[in-house]
Every structure is written in structure tokens, then in C-alpha cells.
Amino acid sequence: MAYEQKDLQGSLFKNLKREKDNHPNMTGSAKIDGVEYWVSGWTKGEGDKRWISLAFKPKDGTVVAKPHGKKADDLDSVPF
């Protein structure tokens, strides 16, 4: 039986094709709200202050709409 990614789950693997510093350290995929994404991860920081920065790109190539600069304070204007 073939592996099927479940919603709200993903996997990252070491990027064996990494050639430059700006290439991700890890690559993989994830499924969020039924949409499949390519995932890239970069190791940031040093010592005990290390983290992984992630980027998501839809596998189907669609453009994801970005928020229009609204802040959390703007939520007070929502009528519900």
C-alpha cells in the first residue's frame, strides 16, 4: 500500500542536493487543509539558540494570497 499523507502532517528530510548556503538544509512535503505543499527548512542560529525556519510552496503551483498588512489589533473591527 502506498503512503498517503494525512491532513496537518508533514515530513522533512536532509537535503542531499544542497550546493549553496542559501539552499535549504531540509526538504519535504506537508498537507494542510487538503492542500499539498513542498516544505523547505533552514537551520538558523547558533549553540543553544538554534531553530528551523520553514517555507511552504503549493505543489500545484498556485499562488497563495498574503495578508493585506492587517495586525491583530485590526480584529476589533470585525463585526462578529
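In the predicted model described here, Asn-25 is placed in the loop that connects strand 1 and strand 2. With a relative accessible area of 22%, Asn-25 is partly exposed, since the buried class is reserved for values under 20%. When neighbours within four places in sequence are left aside, the residues in contact with Asn-25 are Phe-13, Lys-14, Asn-15, Arg-18, Gly-41, Trp-42 and Thr-43. One of these residues, Thr-43, offers its backbone nitrogen to the side chain of Asn-25, the two being 3.0 Å apart. A further spatial relation of the loop residue concerns Ser-40, which lies 15 residues from Asn-25 along the chain, with a separation of 7.7 Å between the C-alpha atoms.

The secondary structure of the chain consists of four strands and zero helices, so that the order of elements from the N terminus reads β-β-β-β. Of the 80 residues, 15% are classed as buried, and the accessible surface amounts to about 7400 Å², with 54% of that area belonging to carbon and sulfur atoms. Among the contacts with a separation of 6 or more, 17% are formed by residues that are 24 or more positions apart.

The segment that precedes strand 1 (9-14) contains Gln-5, and this residue counts as buried because its relative accessibility is 11%, a value below the cut-off of 20%. The side chain of Gln-5 is joined to that of Ser-29 by a polar contact of 3.2 Å. Beyond the neighbours within four places in sequence, Gln-5 is in contact with Gly-10, Ser-11, Ser-29, Ala-30 and Lys-31; Ser-29 therefore appears both as a contact of Gln-5 and as its partner in the polar contact. Leu-8 is likewise located in the segment before strand 1, but, in contrast to the buried Gln-5, Leu-8 counts as exposed at 64% relative accessibility.

The backbone of Leu-8 has a positive phi of about 65°, although the residue is not a glycine. Most residues other than glycine have a negative phi. A second case is provided by Asp-33, a residue other than glycine whose phi is positive and near 50°. Asp-33 is found in the loop between strand 2 and strand 3, where it is exposed, with a relative accessible area of 66%. The loop between strand 2 and strand 3 also holds Gly-34, which is exposed as well, because its relative accessible area of 51% lies over the limit of 50%. The C-alpha atom of Gly-34 is separated by 8.5 Å from that of Lys-6, although the two residues are 28 positions apart along the chain.

Leu-8 also contributes to a nonpolar surface patch of about 540 Å², whose other members are Leu-12, Ile-32, Ile-52, Leu-54 and Phe-56. The element that gives the most to this patch is strand 4 (residues 51-58), with three residues. Ile-32, another member of the patch, belongs to strand 2 (residues 26-32), and its relative accessible area of 30% makes it partly exposed, whereas Leu-8 in the same patch is classed as exposed.

Phe-56 connects the patch with the aromatic pairing in the model, for a search of the whole structure finds one aromatic pair. This pair is formed by Tyr-37 and Phe-56, whose ring centres are 6.2 Å apart and whose planes stand at 90°, so the arrangement is edge-to-face. The pair links distant parts of the chain, with Tyr-37 in strand 3 (residues 35-44) and Phe-56 in strand 4, 19 residues apart. The two partners fall into separate accessibility classes: Tyr-37 counts as buried because its relative accessibility is 15%, while Phe-56, at 42%, counts as partly exposed. Phe-56 is thus both a member of the nonpolar patch and a partner of Tyr-37 in the edge-to-face pair.

Note on methods:
Residues are numbered from 1 along each chain as its sequence is written. This is a predicted model: local features need pLDDT of at least 70, side-chain atom pairs count only at pLDDT 80 or more; totals for chains, interfaces and linings use all residues. Side-chain values use heavy atoms; hydrogens and water are left out. Patches are made of residues with over 30% relative accessible area and no salt bridge: like charges are joined within 9 Å, nonpolar side chains (Val, Leu, Ile, Met, Phe, Trp, Tyr) within 5 Å. Accessible areas come from the Shrake-Rupley method with a 1.4 Å probe; for residues, only the protein chains shown count as cover. A salt bridge is a side-chain nitrogen of Lys or Arg within 4 Å of a carboxyl oxygen of Asp or Glu. Helices (H or I, at least four residues) and strands (E, at least two) are DSSP runs, numbered from the N terminus. Buried means under 20% relative accessible area, exposed over 50%, partly exposed in between (1.4 Å probe, protein chains only). Contact means heavy atoms within 4.5 Å. A polar contact is a pair of N or O atoms within 3.5 Å; within protein, one must be able to donate a hydrogen and the other to accept it, and residues adjacent in sequence count only if both atoms are side-chain atoms. Rings of Phe, Tyr and Trp (its six-membered ring) pair if their centres lie within 6.5 Å; planes under 30 degrees apart count as stacked, over 60 as edge-to-face and the rest as tilted.
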